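User: I should like to learn how to read helix packing, chain interfaces and unusual backbone geometry in a model. Could we take one structure and work through these features in turn?

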Amino acid sequence: MNFELPNLPQRPEKPRQYGLTMMMDKGMSVREAENFVEGNAPYTDLVKLGFGTSLLVPSLEAKLNIYREAGVHAYFGGTLFEAFIIRGLFDEFRRYLDRYGMEYVEVSDGTISIPHEDKLKYIEELSKEYIVVSEVGSKVANKVIPNTQWISMMKTELEAGAWKVIAEARESGTTGIYNKDGSANLQLIEDIRTHLDASNILWEAPQKPQQVWFIKHFGHNVNLGNIAPSEVIPLETLRLGLRGDTLLDFLPDAE
Amino acid sequence: MNFELPNLPQRPEKPRQYGLTMMMDKGMSVREAENFVEGNAPYTDLVKLGFGTSLLVPSLEAKLNIYREAGVHAYFGGTLFEAFIIRGLFDEFRRYLDRYGMEYVEVSDGTISIPHEDKLKYIEELSKEYIVVSEVGSKVANKVIPNTQWISMMKTELEAGAWKVIAEARESGTTGIYNKDGSANLQLIEDIRTHLDASNILWEAPQKPQQVWFIKHFGHNVNLGNIAPSEVIPLETLRLGLRGDTLLDFLPDAE
Amino acid sequence: MNFELPNLPQRPEKPRQYGLTMMMDKGMSVREAENFVEGNAPYTDLVKLGFGTSLLVPSLEAKLNIYREAGVHAYFGGTLFEAFIIRGLFDEFRRYLDRYGMEYVEVSDGTISIPHEDKLKYIEELSKEYIVVSEVGSKVANKVIPNTQWISMMKTELEAGAWKVIAEARESGTTGIYNKDGSANLQLIEDIRTHLDASNILWEAPQKPQQVWFIKHFGHNVNLGNIAPSEVIPLETLRLGLRGDTLLDFLPDAE
């Protein structure tokens, strides 16, 4: 803080267990990652190397070192896991994780179909060696998962060893927990919240109105993900009531 | 200019009093600011450190020095002023400005309610030591300010000492002088123009069609703000008739 | 590739004659261009310096050297050609190209009207010294060009010496080969494909759904352009079936 403004909402210190911000890296170069952490490391807990980008970026090792030294936990997006699994290459996936010294791993079934018992086994197996974030929800716009199934999947995946469960929204923010216009699927989100500890859920919220909605309804320490690099600090101002949308929400004596 | 193309519209030299471009910095790191000024300083007059980001960015002093040395005037966004005022901390706000050697300051009431006489007093007081940009218009989409009130607020704020008055549109460009779909509120803008010297108004115009509209209606030297970093040079090509949208508008013998 | 995942679709080696990705540079600074090529050079064939930005960017020569050394072919956007032509300055345009050692040049008539025989002469003349990309299609939303005319223009421009023909869509992706909502003009695209060798066409496809559409309909080696800098690697993951949208499209035994 460059000035101690009183009455700001409290944020836990890093490394945080809740109040998490996950940034989505869609293929930044090493220098872009350096520039990013220089300004944003204090406000970034997790970085997802989106979809299969980790296979393509030159100097992946250098980029991962930059995140590591900045205290930011990087992991490969779930689509990469799915690209290995659909080829029957689970062992090769683990070799890839280990070659780059990954500590975190995402398990998802947003694009391919995996029997849920198998997904739970992957989570159980991987959680012995890595910190697992698992993702629930389909990337396919028209594939409707009943609310009760969302909840039971999330519960069993946490029980199987997942550290956090991610609620799918894609980079666009128009599927999963959102309607096609990007507005929140209120009943689904309310149902999830009723049956699960909110600190274990990380909500994908790429659009600013989605971030505002979650902060107003779940508090400033809600876990949010799929945040664009340039939106990490703006999100932090939303959490702290330092932006118009939330300025009046966190005052002790708001009008 | 890398080639002297004849018959381009004239732009005043920096430091400019009109024909201003204000870039919105939402939390760039020091290196990102360095990269920005390297390419864009000749075309950037003002930089707004949006909302409360100045409190959060590491190395704020280093960033401000980069802008200063590049001849770009940085100031803290009005929401920061409001965050101090609603806490009753006007003196602390001035201390914050002085600690960082700020020359420019923004006064606004886009989110909190300030009696207009009080706002004028803040402008009067601050204009003794700083160059004041004041902002008129609410960030709240449904709060309608009558056109006559827009005009009288702008007039009195200039009389109170504001150097320029900003017409609010938010980062999104969907409130204030714009309708919810981002189109211009024609009657309001026309009324403002009739009663005020256009060179004293800085229009927030984050969306490209808004920039094109103002350049076509108010000329290439209209003051425009809330421009994203990557849109500063594209905006300059619009001003100079070097982009499809305005190529035919500034020719001496356009077809 | 940071891991040899089997059964990925084959991409030709650079320098490529098809499977091209053209990035749109809207005025990046020298350092931003450096950062870009560090991560994206293997996946970028062409860079268009959009509209008239090349006239405005400081250190144009340094930027062009960065692209050159990275094996990326830069050229000035067609609007710049039009800005010279409408002033009757064809010779000056060539002097400008030569001053900066340009090897590629774009010829277009998206904004100004040029009789097609004249456009063909420009292409013929320039193709003696440069590699010419010509662009077909109007930037004006309401200007409808019949499908047969699109095809005959493309054919004759290739015959006149153009290396590739670009199908116009603007930076926004809402004109030319797309409808106003950004969806593909199916009949037009199908007609073009029927009458021309697809490897000679470069489709402007700035929006992700447009990129997905072309990859699904024309294969992973379709030539695509007007790609934002941060979308070049995401596009490559689409081409390789390493993103949800295309993961199941390129498997040997997709379900």
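Analyst: Let us begin with a pair of helices in chain C, bearing in mind that this is a predicted model. Helix α4 (residues 78-85) of chain C packs against helix α5 (residues 90-99) of chain C at an angle of about 140°, and their axes are 8 Å apart.

User: How is that angle to be read: are α4(C) and α5(C) oblique or parallel to each other?

Analyst: The angle between the axes decides the term, and only values over 145 degrees count as roughly antiparallel. At about 140°, α4(C) is therefore oblique to α5(C). The sense of the crossing is a separate property, and for α4(C) and α5(C) it is right-handed.

User: Which residues of α4(C) and α5(C) make the contact?

Analyst: On the α4(C) side they are Leu80(C), Phe81(C), Phe84(C) and Ile85(C), and on the α5(C) side Phe90(C), Glu92(C), Phe93(C) and Tyr96(C). Sorting them by class gives 7 nonpolar residues, no polar residues and 1 charged residue.

User: What is the arrangement of helix α4 and helix α5 in chain A?

Analyst: In chain A, helix α4 (residues 78-85) and helix α5 (residues 90-99) have axes 8 Å apart and pack at about 140°. The pair α4(A) and α5(A) is therefore oblique, and its crossing is right-handed. Leu80(A), Phe81(A), Phe84(A) and Ile85(A) of α4(A) meet Phe90(A), Glu92(A), Phe93(A) and Tyr96(A) of α5(A). By class, this contact comprises 7 nonpolar, no polar and 1 charged residues.

User: At what angle do the axes of α6 and α7 of chain A cross?

Analyst: Helix α6 (residues 116-126) of chain A and helix α7 (residues 147-159) of chain A cross at roughly 30°, their axes coming within 9 Å. Angles under 35 degrees count as roughly parallel, and α6(A) and α7(A) are therefore roughly parallel to each other. Their crossing is right-handed. His116(A), Lys119(A), Leu120(A) and Ile123(A) contribute from α6(A), and Met153(A), Thr156(A) and Glu157(A) from α7(A). The class composition of this contact is 3 nonpolar, 2 polar and 2 charged residues.

User: Turning to interfaces, how many residues of chain A are in contact with chain B?

Analyst: An interface may be described by its residues, its buried area and its specific pairings. Here 30 residues of chain A contact 34 residues of chain B. The two chains bury about 2800 Å² between them, with 60% of it on carbon and sulfur atoms. In chain A, the residues that lose the most area to chain B are Asn2(A), Phe3(A) and Glu38(A), which together account for 27% of what that side buries.

User: How many salt bridges are found across the interface of chain A and chain B, and where does the pair Glu231(A) and Lys26(B) lie?

Analyst: There are 4 salt bridges across the interface of chain A and chain B. In one salt bridge, the side chains of Glu231(A) and Lys26(B) meet at 2.3 Å, N to O. Glu231(A) lies in the loop between β8 (224-227) and α10 (232-239) of chain A, and Lys26(B) in the loop between β1 (21-25) and α1 (30-40) of chain B, so the pair joins two chains. Over all chains, the count comes to 50 salt bridges.

User: What area is buried between chain C and chain A?

Analyst: That area is about 2800 Å², and carbon and sulfur atoms give 60% of it. The contact involves 30 residues of chain C and 34 residues of chain A. Asn2(C), Phe3(C) and Glu38(C) supply 27% of the area that chain C buries against chain A, more than any other three residues. Across this interface there are 4 salt bridges. Lys26(A) also forms a salt bridge with Glu231(C), with the closest N and O atoms 2.3 Å apart.

User: Finally, which residues does a cis peptide bond join in chain A, and which value of phi does Asn7(A) have?

Analyst: Backbone torsions are read residue by residue. The cis peptide bond joins Lys14(A) and Pro15(A), with omega about -5°, and Pro15(A) lies in the segment before β1 (21-25) of chain A. In chain C, the bond from Lys14(C) to Pro15(C) is cis, with omega near -5°, and Pro15(C) is in the segment before β1 (21-25) of chain C. Asn7(A) has phi near 60°, a positive value in a residue other than glycine, and is found in the segment before β1 of chain A.

Key
Residues numbered from 1 in each chain as written. Chains lettered and ligands numbered in written order. Predicted model: local features only at pLDDT ≥ 70, side-chain atom pairs only at ≥ 80, totals over all residues. Heavy atoms only, no water. Axes fitted to C-alpha atoms, helices over the stretch in contact; angles between N-to-C directions. Helix = DSSP H or I, 4+ residues; strand = E, 2+ residues; numbered from the N terminus. Parallel < 35°, antiparallel > 145°, perpendicular 65-115°, else oblique. Left-handed = near helix turned anticlockwise from the far one by under 90°. Contact = heavy atoms within 4.5 Å. Nonpolar A, V, L, I, M, F, W, Y, C, P; charged D, E, K, R; others polar. Buried area = accessible area lost by both parts, 1.4 Å probe.
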